[in-house]
Amino acid sequence: MTDSHNSGQHKDREAAAAEVRRMWQPTPSWTQPDPNTAPADEPEKPDEQPDALSQEFPGDAWSRPNQPPPSPSWSQPAAESDTPDESDDAEADSADDQSSAPAAGGQGDSGTAPQGAPNSPVFGGSSFQGSGAGHGAPENPPAAAGGPAQSGQQLSPAAQHFFPQGVPGQNVPQQREVSYRTDELIQALPLPREAPAERGVRSVLKLRPGSGERLERIARATAATAFRRPVTIVVANPKGGSGKTPTTLVLAGALGQARGGGVVAWDNNELRGNMHLRTHDTNSRSTVTDMLQAMPMLTQPDARLGDVAAYLRHQVAGQYDVLTSATTTYAQIEAKDFDQIHRLLSRFYKVLVIDTGNNEGSSNWREAMKAADALVIPIKWKSLSCAAAVQMLEELDNQGPEAQRLIRRAVIAVSNGPGDVNKEVEKQLRPYFESRAAAVVDIPTDQHIAAEGPLDHSALQPTTRRAGLELAAKVSEQITIALNVPR
């Protein structure tokens, strides 16, 4: 701007500089008097009277010696009062006094026009035209008080030299109420991009997963639900050989892999169960009897997970731990023993999957039902297996509202071995279980399970692992519902 003042070679730059001074742009050169303006004819302004810009920006120190205030239609809206006063007359007179200054791009052959002329295209738009005394009203009236000026005006090449970012006050974004609540800020974050497929041709081409893989991801995320407290899942069916222990281990492995650990499978048989035969003997041969003997040490405030893990079997493939039942019949587990172990395991694990015995009348079986957040009923499509499950549901239905809610949240796990399926039984009883329970999940026949050896989660068929994950997701859904419903 100083160069345009000193050179005096181009009329368009001088005209743009005059317009800039009248717009009160915050450039240090605007504090210098305009050599093209005759200050002698300008009426004096009282110092105590605030102008429009000082009212809008009271904290700025923009000094304007010998500069008249602009016309209201150029920058700031007119005063709220409609009654003209002496200051308004003075502004009109000063605008007439400066009408002799040259302006770039004027009408006619000379290429110049008065600054106050209504059709002066210095800034390329009618909203920037002067409105001195004696001239008509501008084509576009000024914006309402407190609102932004009209937008969409294009600047002329001369004005773009001084306003590379555009004229201040134009294209002002609409002010909106900004919220700084944590949940709203998190919701405003962009969603993460979906990871490409992990298997099949889609994984090679880096495409999005198919519908089957996407459903599996949803089930894995559901199984990994972060509950607000430790939860207990009870697997029960009074009929022996109905698949309680394999179902318990498949469910614990699916939860352990989805959650990354924090899961323990507990063989809560009052005498001798089979879980020690269906799991890998990794680091300990201790049983629930040994843990009960060490309970005074394990219940100390400074007890750690490593102290408890010394009595458990860690299953690497499924990322879960196992507490086996006693291998002898010298000590029977009672209700008080169950309560001690349940409190201890709930202190160090997030999910407890409890395998039960066949005696519904034992005290530890009933205590497990009282502590259950979800119930899983394993069955086979055989008459005896289904009959025992139906009798257990009828017995629980007579135990009060809590047991009835537990039945409505139950999940039926159909685990058939080779030759176990009776089509007639399935046709008659599947509608019954679907009406009583929350869901029915079919686990396909797997030779690894039928071998009756240690169950390795990585040795299961892919369809069996997906069925186990579906079972874990259904159970997690029911636990979420149970935790959200007050008792």
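A salt bridge is a side-chain nitrogen of Lys or Arg within 4 Å of a carboxyl oxygen of Asp or Glu. In the predicted model shown above, Arg-220 forms such a bridge with Glu-216, and their closest N and O atoms are 3.2 Å apart.

**The chain as a whole**

The protein chain holds 19 helices and eight strands, and buried residues make up 44% of its 487 residues. Among the contacts in the chain with a separation of 6 or more, 74% are accounted for by residues 24 or more positions apart. The accessible surface of the chain comes to about 26100 Å², and 50% of that surface belongs to carbon and sulfur atoms.

**The sheet**

In what order do the eight strands of the open sheet lie? The order is β3-β4-β2-β5-β1-β6-β7-β8, and the pairing in this open sheet is mixed. The edge strands are β3 (313-315) and β8 (439-443), each of which pairs on one side only. From one strand to the next, the twist averages 25°. Helix α19 (residues 462-484) packs on the sheet, where it touches β1, β6, β7 and β8, and the direction of the helix makes about 160° with that of β8.

Strand β1 (residues 231-235) is mostly covered, since five of its five residues are buried. Both of its faces are covered, with Val-231, Ile-233 and Val-235 buried on one side and Thr-232 and Val-234 buried on the other. Strand β1 is joined by five bridges to strand β5 (residues 351-356), and the two run parallel; here Val-234 has Ile-354 of β5 as its bridge partner. Strand β1 also pairs in the parallel sense with strand β6 (residues 374-379), over three bridges, and in this pairing the bridge partner of Val-235 is Val-376 in β6.

From β6 the pairing can be followed further along the sheet. Four bridges join β6 to strand β7 (residues 411-415), and these strands run parallel, with Ile-377 standing opposite Ile-412 in β7. Strands β7 and β8 pair in the parallel sense over five bridges, and in β8 the bridge partner of Ile-412 is Val-440. Is β8 largely enclosed or largely open to the outside? Four of the five residues of β8 are buried, so this strand is largely enclosed by the rest of the structure.

**Charged pairs**

Side chains of opposite charge can pair when their charged atoms come close. By the rule given at the start, the count comes to 16 salt bridges, and the table lists some of them.

| Salt bridge | Closest N and O atoms |
|---|---|
| Arg-220 and Glu-216 | 3.2 Å |
| Lys-336 and Asp-337 | 3.3 Å |
| Lys-382 and Asp-420 | 3.9 Å |

Arg-220 and Glu-216 both lie in helix α8 (residues 211-223), four residues apart, which is about one turn of the helix. Arg-220 is partly exposed, with a relative accessible area of 33%, whereas Glu-216 is buried, with a relative accessible area of 16%. In the second pair, Lys-336 counts as exposed at 58% relative accessibility, while Asp-337 is buried, with a relative accessible area of 11%.

Why does the pair of Lys-382 and Asp-420 tie together parts that are 38 residues apart in sequence? Lys-382 lies in the loop between β6 and α15 (383-397), and Asp-420 lies in the loop between β7 and α17 (423-436), so the salt bridge ties these parts together. Lys-382 is partly exposed, with a relative accessible area of 38%, and Asp-420 counts as buried at 14% relative accessibility. Elsewhere, salt bridges that share partners join Glu-198, Glu-213 and Arg-217 into one network.

**Residues at the surface**

Val-201, Val-204, Leu-205 and Leu-207 form a nonpolar patch on the surface, and together they have about 400 Å² of accessible area. Val-204, one of these residues, is found in helix α7 (residues 200-204). Because exposed means over 50% relative accessible area, Val-204 counts as exposed at 65% relative accessibility.

Tyr-330 lies in the loop between β4 (320-323) and α13 (335-348), and this residue counts as exposed too, at 78% relative accessibility. The C-alpha atoms of Tyr-330 and Thr-289 are separated by 9.8 Å, although the two residues are 41 residues apart along the chain.

Terms used:
Residues are numbered from 1 along each chain as its sequence is written. This is a predicted model: local features need pLDDT of at least 70, side-chain atom pairs count only at pLDDT 80 or more; totals for chains, interfaces and linings use all residues. Side-chain values use heavy atoms; hydrogens and water are left out. Buried means under 20% relative accessible area, exposed over 50%, partly exposed in between (1.4 Å probe, protein chains only). Contact means heavy atoms within 4.5 Å. Accessible areas come from the Shrake-Rupley method with a 1.4 Å probe; for residues, only the protein chains shown count as cover. Patches are made of residues with over 30% relative accessible area and no salt bridge: like charges are joined within 9 Å, nonpolar side chains (Val, Leu, Ile, Met, Phe, Trp, Tyr) within 5 Å. Two strands pair if DSSP finds at least two bridges between them. Axes are lines fitted to C-alpha atoms, for helices over the stretch in contact, and angles run from 0 to 180 degrees between N-to-C directions.
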